[in-house]
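Visitor: I am new here. Please take a close look at one part with me.

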Amino acid sequence: MRHGSIPGTRGRVRPVTLLGDPVLHTPCEDVTDFGLELAQLVEDMFATMYAAQGVGLAANQVGVASRVFVYDCPDDEDVRHLGHVVNPRLVEVDGVVLRGPEGCLSLPGLEAGTERYDHAVVEGFTVDGEPVSVRGTGWFARCLQHEYDHLEGGLYVDRLSGWRRRRVMRQAARASWGR
């Protein structure tokens with residue numbers, strides 16, 4: 001992403017992988033080539049995220065099993081956080097554990113109360129290979145944890161149990177995209 005450009009304007013919208021696709025349940029591989037292909041992937045991911053009206057998107061959600069995610073997400077004070085992380089590591093989660101509504105572009109139209117810490121720190125790299133550390137609180141901390149889970153091969157429904165999980169899985173089975 002070039003300094004001063006609007007992310008996604010040079011990208012193409014890719015299809016979003018949906019619940020049940022094996023790429024969503026497989027841990028992603030580290031990125032080793034910080035070249036033009038990676039930069040284009042990040043642009044495409046922003047374009048796809050915006051087209052789907054999301055606040056975050058992991059590479060495996062567009063069928064690419066690489067450790068990359070993008071975000072454009074507010075925190076609880078309505079401060080906008082915009083960026084991407086390559087080869088992220090979730091280095092810190094703490095604070096209060098809150099159950100809040102969580103959805104996912106890979107389960108369109110569904111959401112469930114999911115427990116997340118209200119503070120998270122992710123470290124990784126930019127598309128240019130520069131180190132980056134991203135600190136989030138509130139809703140943005142939830143976003144960081146959610147996208148990181150994707151790269152580990154998990155979905156928010158994997159964090160659910162009991163009636164919450166059964167309800168979301170029934171809704172997914174009945175959804176037009178789930179058939």
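Visitor: How many Å² does the chain expose, and what share do carbon and sulfur atoms supply? After that, please turn to the sheet.

Guide: The chain exposes about 9,000 Å². Carbon and sulfur atoms supply 50% of that. Such areas come from the Shrake-Rupley method with a 1.4 Å probe; for residues, only the protein chains shown count as cover.

This is a predicted model: local features need pLDDT of at least 70, side-chain atom pairs count only at pLDDT 80 or more, and totals for chains, interfaces and linings use all residues. Residues are numbered from 1 along each chain as its sequence is written, and side-chain values use heavy atoms, leaving out hydrogens and water.

Now the sheet. The chain has three helices and five strands. These are DSSP runs, numbered from the N terminus: helices are H or I with at least four residues, strands E with at least two. The five strands form an open sheet, ordered 1-2-3-4-5, with antiparallel pairing. Two strands pair if DSSP finds at least two bridges between them. At the edges sit strand 1 (56-58) and strand 5 (131-137), each pairing on one side only. From one strand to the next, the twist averages 30 degrees. Axes are lines fitted to C-alpha atoms, for helices over the stretch in contact (heavy atoms within 4.5 Å). Angles run from 0 to 180 degrees between N-to-C directions.

Look at strand 3 (residues 80-103) and strand 4 (residues 111-125). They run antiparallel, joined by 13 bridges. L98 has R116 in strand 4 as its bridge partner. Helix 3 (residues 162-174) lies across strand 3 and strand 4. Its direction is about 90 degrees to strand 4.
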